Amino acid sequence: MKIAVDLHSHSGYAGGVGQIRLEDVAGTMKRKGIDVFGTGDCLYPPRTKELYDLLREEENGLFALEGDSSRFLLQTEVIFSTQLPGYAKRTVAHHVILFPDYRAIESLQRLMAKHGDKNTIGRPFIVTENQGELQERLFEIAEIDPLVEIIPAHVMTPDGIMGSRNGLSSIREFYGDFTSRIRVIETGLSADPEMLGTIPDFHGLTMISNSDCHSAALNRIGREFTILDSDSHDYPGIIHALRENRVALTAEFNPAEGRYFMTGHDKLNADVPHSIYYDCPPTDYRCTHCGKRMHQGVYHRCLALQDASLIPLPRMSLHLIPLVEVLAAAMGVKSISSRKVRAMFDAIMACYRSEIELWTSGAVTERLQDVIPETALQAILQVQKGNFRFDPPGYDGKYGELKIDGIA
């Protein structure tokens, strides 16, 4: 069976946003077509209690609000940090951890307390002194339950395992003997399977896409997702599908929209323009305007690590844009939450079960030509055909600016 999953999110406990109601998340999931969603921050005790009080187990390892059809999977992001030989700075890498039940969460909470780890924020740190200690901690976590899964998050962004801040040449430098237990990676918003498919360390691994969202908004939940071919609609079925690389489809940001795609840096002040390198820049990545070092983007980081002779494994993926962003661009409005955009989105959803069905449907014109203005219809068709770009592309924490062919 096909299951649409989005397995990396955050709650208000992760900081930077207000509290996010599970009811709002469940409502957006249905409109987007997401079947199973990662809860986010389940390791933080107040969040653990919140989830335990509000959700009930419906299938093995999948949870729901009372009387609701949307399913949640227990998930958190954890940041691992260690000091590797030969590197002046500590290596820091973000990871998604999936749990089969609350007992597994409580076991990790006890382990963290035993080791003196702070568990006082939604996205906690596990700090180790060297690779040997890091390996021990990772094996401890993996052995809590055979169905616990540790997934390197947004692997090529600056905070990812192979990102520019770490500068590693191989994931084994970080994981050591635990490398064989890494079976799944998250591509992140600034990369896709095609970009990662020629990097030797990632070649045979399952690649999944998740929204990594901090909001229940229509342009956040499901902005990236994965469709799995699972034997069963439960947590074990999802984990086995991940480990066995049974990915039917990933839906991706166009990488150029991602905030860390291109090498560059934002303006330093009003007198210094934005600086971006579109082509392969000099090795020191110096800004042509101010001379300071720029932030290396995912694009150039992938070029540095790839083996051009390696043929990527066949993987089904689509580059998509959240529908509300497409409609806003077609209507020439800046706010995706404007009444006009929301009204048009609702009109479209009256013709489709979900946004996923819209993007994968071949009969858009027949269904929508009498429902929405021609400009909006053409924008959707152009996005389906891949006739869009981001100019300038994303860089240094800034999203790329959408341009749809034929849309002013």
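Okay, His-240. This residue is partly exposed, with a relative accessible area of 36%, and you'll find it in helix 7, which runs over residues 235-243. Keep in mind that we're looking at a predicted model here. If you leave aside the neighbours within four places in sequence, His-240 is in contact with Leu-147 and Arg-246. And for a distance to try on your own screen: His-240 and Lys-118 are 122 residues apart in sequence, and C-alpha to C-alpha they are 31 Å apart in space.

Let's zoom out to the whole chain. How many helices and strands does the secondary structure come to? We get 13 helices and 17 strands. The radius of gyration is 21 Å, and the globule rule gives 22 Å for 408 residues, so the chain is as compact as a globular protein of that length. Along the principal axes, the C-alpha trace spans about 60 × 60 × 40 Å.

A few more whole-chain numbers. Of the 408 residues, 56% count as buried. The chain exposes about 17300 Å², and carbon and sulfur atoms supply 50% of that. For contacts between residues at least 6 apart in sequence, 67% join residues at least 24 apart. On the charge side, we have 42 positive and 54 negative charges, and their mean positions are 4 Å apart.

Now, two helices I'd like to walk through. Start with helix 1, residues 22-32. Its buried residues are Leu-22, Val-25, Ala-26, Thr-28, Met-29 and Lys-32. Look down the axis and those buried residues fall within an arc of 165 degrees, so they line one face of the helix. And yes, there's a lysine on that list: Lys-32 is buried. What do the buried residues of helix 1 pack against? That would be strand 2, helix 2, strand 3 at 55-59, strand 4 at 62-65, strand 5 at 71-82, and helix 11. Right after helix 1 comes Gly-33, with a positive phi near 100 degrees.

Helix 10, residues 339-349, is the second one, and its buried residues are Val-341, Met-344, Phe-345, Ile-348 and Met-349. Seen down the axis, they fall within an arc of 140 degrees, so here too the buried residues line one face of the helix. On the other side of helix 10, Arg-339 and Lys-340 are exposed. The cover over the buried residues of helix 10 includes helix 1, helix 9 at 323-331, helix 11 at 355-360, helix 12 at 364-368 and helix 13 at 374-385. So helix 11 turns up for both: it is among the elements packed against by helix 1, and it is part of the cover on helix 10.

On to the backbone oddities, which I suspect is what you'd check before setting anything up. Which peptide bond is cis? The one from Asp-391 to Pro-392, with omega near 0 degrees. Pro-392 sits in the loop between strand 16, 388-390, and strand 17, 402-404.

Then there are two aspartates with positive phi. Asp-41 has phi near 60 degrees, and it's not a glycine. This residue lies in the loop between strand 2, 36-38, and helix 2, 45-54. Is Asp-41 buried or exposed? It's buried, with a relative accessible area of 0%. The other aspartate is Asp-212, where phi is about 50 degrees. Asp-212 is in the loop between strand 10, 206-208, and strand 11, 225-229. With a relative accessible area of 18%, Asp-212 counts as buried, because the cut-off is under 20%.

That same loop, between strand 10 and strand 11, also holds Ser-211. Ser-211 is buried, at 0% relative accessibility. Its contacts, not counting residues up to four places away in sequence, are Asp-6, His-8, Phe-37, Leu-189, Arg-220, Ile-221, Gly-222, Arg-223 and Glu-224. Ser-211 and Met-294, 83 residues apart in sequence, are 26 Å apart in space, C-alpha to C-alpha.

Last stop, Thr-179. You'll see it in the loop between helix 5, 172-175, and strand 9, 184-186. Thr-179 is buried, with a relative accessible area of 14%. Setting aside residues up to four places away in sequence, Thr-179 touches Ile-171 and Arg-172. The C-alpha atoms of Thr-179 and Gln-135 are separated by 9.2 Å, with the two positions 44 residues apart along the chain.

Okay, that's my tour.

Methods. Residues are numbered from 1 along each chain as its sequence is written. This is a predicted model: local features need pLDDT of at least 70, side-chain atom pairs count only at pLDDT 80 or more; totals for chains, interfaces and linings use all residues. Side-chain values use heavy atoms; hydrogens and water are left out. Helices (H or I, at least four residues) and strands (E, at least two) are DSSP runs, numbered from the N terminus. Buried means under 20% relative accessible area, exposed over 50%, partly exposed in between (1.4 Å probe, protein chains only). The radius of gyration is taken over C-alpha atoms; the globule rule is 2.2 Å times the number of residues to the power 0.38. Contact means heavy atoms within 4.5 Å. Accessible areas come from the Shrake-Rupley method with a 1.4 Å probe; for residues, only the protein chains shown count as cover. Lys and Arg count as positive and Asp and Glu as negative; His and the chain ends are not counted. The place of a charge is taken as NZ of Lys, CZ of Arg, CG of Asp or CD of Glu. The arc is that of the directions from the helix axis to the C-beta atoms.
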